[in-house]
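Biologist: Before we discuss this model, please set out the terms as you use them.

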Amino acid sequence: MNLTLRVWRQAGPSEPGRFETYEATDVSEDSSFLEMLDLVNDGLIRRGEEPIEFMHDCREGICGTCGMMIDGQAHGPQARTTTCQLHMRSFSDGDEIVIEPWRAAGFPVLKDLVVDRSAFDRIVESGGYISVETGSAQDANLTPIPKDDADRAMDAAACIGCGACVAACPNGAAQLFTSAKLAHLNLLPQGQPERSRRTLAMVGVMEETFGSCTNYGECEAACPKGISIDFIAMMNRDHRRALMTERRGA
Amino acid sequence: MTVLDARIPSGPIERKWSDHRFDMRLVSPANKRKFSIIVVGTGLGGASAAATLGELGYRVKAFTFHDSARRAHSIAAQGGINAAKNYHGDGDSVYRLFYDTVKGGDFRSREANVYRLAEVSNNIIDQCVAQGVPFAREYGGLLDNRSFGGAQVSRTFYAKGQTGQQLLLGAYQALSRQVKERTVELHTNMEMLDLVVVDGRAVGIVTRDLRTGEIASHAADAVVLATGGYSNAFYLSTNAMACNTSAIWRAHRRGAMFANPCYTQIHPTAIPASDEFQSKLTLMSESLRNDGRIWVPTDADEARSAADIPEDARDYFLERRYPAFGNLSPRDISSRAAKERVDAGFGVGPLKNGVYLDFSEAIGRLGRDAIAAKYGNLFDMYQRITGEDPYLAPMRIYPAPHYTMGGLWVDYELQTTIPGLFAIGEANFSDHGANRLGASALMQGLADGYFVLPATIGNYLAPMLGRPKVDTTASEFAQVEADVRARVDRFLGSRGTRSVDWFHRELGRIVWDHCGMSRTKEGLEKALSEIPALRAEFESDVRVPGSGDTINSSLEKAGRVEDFFELAELMCRDALVREESCGGHFREEHQTADGEALRDDVNFAHVTAWEWSGDSAAPVEHREQLEYENVEMATRSYK
Ligand SMILES: Cc1cc2nc3c(=O)[nH]c(=O)nc-3n(C[C@H](O)[C@H](O)[C@H](O)COP(=O)(O)OP(=O)(O)OC[C@H]3O[C@@H](n4cnc5c(N)ncnc54)[C@H](O)[C@@H]3O)c2cc1C
Ligand code: FES
């Protein structure tokens with residue numbers, strides 16, 4: 001199939017960006033969206049032009065590296081699918097496709113379709129862990145964990161940190177990401193001792209960088225891993241409780 | 001040729017590690033702050049090591065070229081992680097895990113290392129659960145296990161189909177905690193481009209910032225490489241796109257010996273390439289072979305769709321050739337049998353590059369729902385990638401490069417042949433011999449990072465206390481930086497007509513054809529003449545557009561592919577001198593009458609470690625003799 005691409009090109013973080021038009025010709029419908037871009041880039045390189053820079057690595061939907069807005073949708077038209085797992089059979093011959101980087105104040109554009117998502121790491125660094133030194137752990141089966149709790153923690157932990165939730169949110173809020181990380185740890189017995197500290201710290205860093213949540217729910221729809229917004233409600237409850245405990249302690 | 005000494009502690013195998021831990025010199029808590037350690041890589045090996053070293057009080061600098069420590073290739077591991085917990089009382093033990101691993105490695109691994117691995121496996125599970133890794137559980141709340149190939153017990157712990165992801169997040173969280181505590185300085189988007197050696201010791205690295213292009217030097221008292229495997233020498237593999245050999249290859253060029261480069265693992269069930277521009281191969285779990293039947297048409301010109309081909313026009317070649325094991329024949333046998341059929345022209349699919357994995361009989365027998373319950377997520381993934389519905393038509397599969405057992409040679413303490421340089425995880429060669437068992441790579445990465453290296457590195461550092469430190473003003477740093485700059489400038493000055501990816505793909509084709517699933521003297525020699533020829537074309541005709549002071553993926557790839565060229569030659573050379581078949585290394589000249597691998601324990605029960613001797617000289621071969629004092633060497637038999 002043949003396609004026309006309108007791609008955001010931006011030379012650097014403080015350079016102005018613009019859309020450029022490229023023709024993608026002879027694209028196999030079996031190829032992935034990123035392989036289609038590889039093909040376009042190969043043509044650009046042969047002509048001595050700079051290829052379109054984009055983020056990717058595993059191309060299996062698990063590392064969370066890839067991500068772009070495709071026709072205004074985070075990760076494109078197929079539900080529960082990362083950009084790297086999107087295949088060209090979702091498009092038709094002659095289509096025009098608009099490709100942009102994640103658009104959010106918390107994710108500055110670095111070049112073309114590459115953005116800086118380090119704010120996610122800062123949220124985790126502020127408290128997204130259980131403090132246990134290597135070698136100090138008790139036997140793994142000493143504390144039984146109800147299967148349903150473990151499974152729910154796993155549902156939250158399935159987040160790949162791609163940032164689609166933030167990109168899809170009209171406010172550029174990071175509630176879904178932060179709440180998934182919190183729920184993963186706060187649902188487990190091991191996570192209880194630091195539950196309040198963790199919640200306050202992570203929500204604090206989140207609010208410094210990202211927009212606020214007004215319950216659009218776009219994040220859940222865009223999430224390639226189907227992370228539920230129920231975790232946001234849980235985070236809000238935990239946060240209120242933690243604030244109260246803190247005030248009482250003070 | 002010299003004989004390498006792995007410095008294995010004496011004494012009975014069950015006591016070696018505990019005795020050695022006691023014998024090693026210690027660095028006191030207050031003195032640990034005086035030592036700095038560079039850890040390159042933040043996958044399972046690197047993140048666990050950096051976090052633990054930070055907890056111990058060392059000053060750690062960790063580097064990754066990824067934009068976050070959480071994105072390392074380890075994230076993609078699906079199946080699980082082994083440990084000898086014997087939670088299910090089915091007779092598992094440290095000794096059994098040790099035995100299975102030595103046998104699975106086809107008697108080409110080091111007994112003492114494998115025993116230690118089995119010994120610490122249980123601590124790994126304890127540690128991970130304490131960190132909040134949500135392993136699968138039974139209704140009673142205890143941990144669940146599954147079985148994996150090469151074992152007769154249930155010892156594999158898993159978190160859905162995302163075990164690697166959950167283990168890496170655990171290590172990443174531990175690392176994040178140390179970043180907050182400021183014991184670890186984490187550098188993301190930073191690629192190590194070379195190693196710096198002063199007076200024979202590793203003292204630092206030179207990096208390029210992938211966003212700004214800045215080239216910088218970093219000094220430390222020791223350097224740890226945890227940079228993963230090199231399956232992408234084949235171009236198409238199940239590894240992530242950015243996996244590469246450069247860190248260990250550059251260390252090799254600076255004096256670290258490279259062990260067993262020809263030991264590569266080909267996984268039998270991946271989705272075949274759909275066209276020339278395919279960029280990677282996706283793994284389909286081996287468990288599918290429990291219910292799927294593998295076949296190709298008996299007529300090479302068969303034009304009917306699978307469902308219309310009658311039984312008598314189908315060749316169930318595994319069932320035909322290996323009636324006892326059939327579709328569950330071991331990985332290497334199944335892979336080679338599929339290759340034989342495809343090479344003979346019987347392949348299926350538009351490119352005739354696959355074989356059928358057919359569930360119609362199982363669906364008829366057990367019902368669609370039963371099959372969906374077992375394999376639903378895999379069927380969905382297959383459909384997303386190929387656009388075909390495996391409930392209606394058979395899957396098409398083909399073997400794919402997956403894991404590399406070879407890597408930097410390390411001694412018992414995980415130190416390379418350069419003092420002060422350590423290698424852990426898939427980057428070293430140590431524990432899997434000629435073939436790795438499923439669910440053992442995650443175990444090894446975390447054993448190295450959480451438990452082994454943090455103990456052994458003190459033995460190297462302790463005597464250095466009070467000695468003068470080398471810093472980045474040493475002239476060697478300036479020299480290495482100049483080398484790195486010259487190389488970057490050379491790539492940016494290229495004015496050729498073809499992309500780096502084009503060359504990588506062509507290189508991969510040569511390596512796959514001649515140093516892949518089966519190897520011959522003739523083929524390897526052919527590869528050894530084709531690789532330098534292609535390399536010469538690469539040097540004259542590659543095109544790296546753009547500049548060096550910004551994100552430039554072509555530039556990043558150019559250095560990695562150039563290193564793959566050199567490694568590929570060494571892989572072929574190693575495969576050529578190993579005149580036997582063992583594990584993942586199959587030399588057609590060395591097989592039994594019925595096509596089984598024929599090992600030669602008299603002449604080849606050794607590790608081959610290669611020493612770099614310059615751009616224009618052939619590498620020098622060294623050996624480490626392998627002694628089997630606890631497990632009797634036997635022929636692996638599947639009949
Ligand atoms: C699809 C798939 C499924 C698998 N499933 C299983 C399984 O079920 N069980 C199992 O046990 N094993 C499995 N494996 C194997 C296992 O995942 C790997 O062997 C293991 O994760 C490797 O970990 P590592 O820490 O050594 O390296 P990696 O995870 O590859 O990490 C390498 C790190 O080094 C960094 N790096 C590399 N070079 C440089 C450089 N020059 N400068 C700076 N940083 C650098 C990278 O950024 C990264 O952080 C699987 C492998 C694949 C491909
Ligand atoms: S590239 Fe890893 S999730 Fe898409």
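Modeller: A salt bridge here is a side-chain nitrogen of Lys or Arg within 4 Å of a carboxyl oxygen of Asp or Glu. The model is predicted, so local features need pLDDT of at least 70 and side-chain atom pairs count only at pLDDT 80 or more, whereas totals for chains, interfaces and linings use all residues. Residues are numbered from 1 along each chain as its sequence is written, chains are lettered from A, and side-chain values use heavy atoms, with hydrogens and water left out.

Biologist: Which residue of chain B forms a salt bridge with A:Asp116?

Modeller: Across the interface of chain B and chain A, the rule finds six salt bridges. In the one that involves A:Asp116, the closest N and O atoms are 3.7 Å apart, and the partner is B:Arg211.

Biologist: How many residues does α6(B) give to the side of chain B that touches chain A?

Modeller: The contact (heavy atoms within 4.5 Å) takes 74 residues from chain B and 74 residues from chain A. Among the elements giving two or more residues to the chain B side are α3 (44-56), α5 (111-131) and α6 (163-181), where helices are DSSP runs of H or I with at least four residues, numbered from the N terminus. Of these elements, α6(B) gives the most, with nine residues.

Biologist: Why does B:Cys572 form no disulfide, and how far is its sulfur from the closest cysteine sulfur?

Modeller: A disulfide requires a pair of cysteine sulfur atoms within 2.5 Å, and a search of the whole structure finds zero over all chains. B:Cys572 is buried (under 20% relative accessible area, 1.4 Å probe, protein chains only), with a value of 0%. The closest cysteine sulfur, in B:Cys515, is too far for a bond, at 4.3 Å.

Notes: Buried < 20%, exposed > 50% of the residue type's maximum accessible area, 1.4 Å probe, protein only.
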